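Please open the structure in your viewer and keep the sequence panel beside it, since this tour moves from one selection to the next. At each stop, make the selection before reading on.

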Amino acid sequence: MECFDQNILKFDNGEEEYDLNKGKVVSVPVINRKGKTVGYTKHFQFKVKLPDDLKCEHCLFQFKW
């Protein structure tokens, strides 16, 4: 857990926190078992930068919201 807290993923502007209103909003279809679109959900897309010195075989990332 110590390593996890030391490597907080930063956004492409170098900040650890980001205003959701500045993210790209993408509508993604919700599809039922029969393959029919039954609605849409919104996903937020952001660019992030991995730490230059980070090396791992299995990585888990966290954000500050």
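Select Phe11 to begin, and keep in mind that the model on your screen is predicted. Phe11 has a relative accessible area of 2%, and because residues under 20% count as buried, Phe11 is placed among the buried residues. Buried residues make up 8% of the 65 residues in the chain.

With Phe11 still highlighted, add Phe46 to the selection, and you will have the one aromatic pair that a search of the whole structure finds. The ring centres of Phe11 and Phe46 are 5.6 Å apart and the ring planes meet at 75 degrees, so this pair is edge-to-face. Phe11 belongs to strand 1, residues 10-11, while Phe46 sits in the loop between strand 3 and strand 4, so the pair ties together parts that are 35 residues apart in sequence. Is Phe46 buried or exposed, or does it fall in between? Its relative accessibility is 24%, and Phe46 therefore counts as partly exposed.

Now colour the whole chain by secondary structure, where you should be able to find one helix and four strands. Followed along the sequence, these elements come in the pattern α-β-β-β-β.

Next, select residues 24-31, which are strand 2, together with residues 37-45, which are strand 3; these two strands pair in the antiparallel sense over eight bridges. Within this pairing, look for Ser27, which stands opposite Lys42 of strand 3. Between strand 2 and strand 3 the hairpin has five residues, and if you click on Gly35 there you will be at a residue with a positive phi near 85 degrees.

Stay with strand 2 and select Val25, which is found in that strand. Which residues does Val25 touch, if those up to four places away in sequence are not counted? They are Lys42, His43 and Phe44. If you draw a distance from Val25 to His43, the C-alpha atoms are separated by 5.8 Å, although the two residues are 18 residues apart along the chain. Val25 has a relative accessible area of 43%, and so it is described as partly exposed.

Move on to Lys49 and show its side chain along with that of Asp52. Side chains of opposite charge can pair when their charged atoms come close. Lys49 and Asp52 form a salt bridge, in which the closest N and O atoms are 2.7 Å apart, and the count for the structure comes to one salt bridge. The two partners do not have the same surroundings: Lys49, at 44% relative accessibility, counts as partly exposed, whereas Asp52, with a relative accessible area of 70%, is exposed.

For the last residue stop, select Leu60, which you will find in the segment after strand 4 (48-49). Leu60 counts as exposed, because its relative accessibility is 67% and the exposed class begins over 50%. Add Leu9 to the selection and compare the positions of the two: Leu60 and Leu9 are 51 residues apart in sequence, yet 9.8 Å apart in space from C-alpha to C-alpha.

Finally, clear the selection and switch on a surface for the whole chain. The chain exposes about 6,000 Å², and carbon and sulfur atoms supply 50% of that area. Among the contacts in the chain with a separation of 6 or more, residues 24 or more positions apart account for 46%.

How values were computed: Residues numbered from 1 in each chain as written. Predicted model: local features only at pLDDT ≥ 70, side-chain atom pairs only at ≥ 80, totals over all residues. Heavy atoms only, no water. Salt bridge = Lys/Arg side-chain N within 4 Å of Asp/Glu carboxyl O. Buried < 20%, exposed > 50% of the residue type's maximum accessible area, 1.4 Å probe, protein only. Pairing = 2+ DSSP bridges. Contact = heavy atoms within 4.5 Å. Areas by Shrake-Rupley, 256 points an atom, 1.4 Å probe, with all protein chains shown as cover. Phe/Tyr/Trp six-rings, centres within 6.5 Å; stacked < 30°, edge-to-face > 60°.
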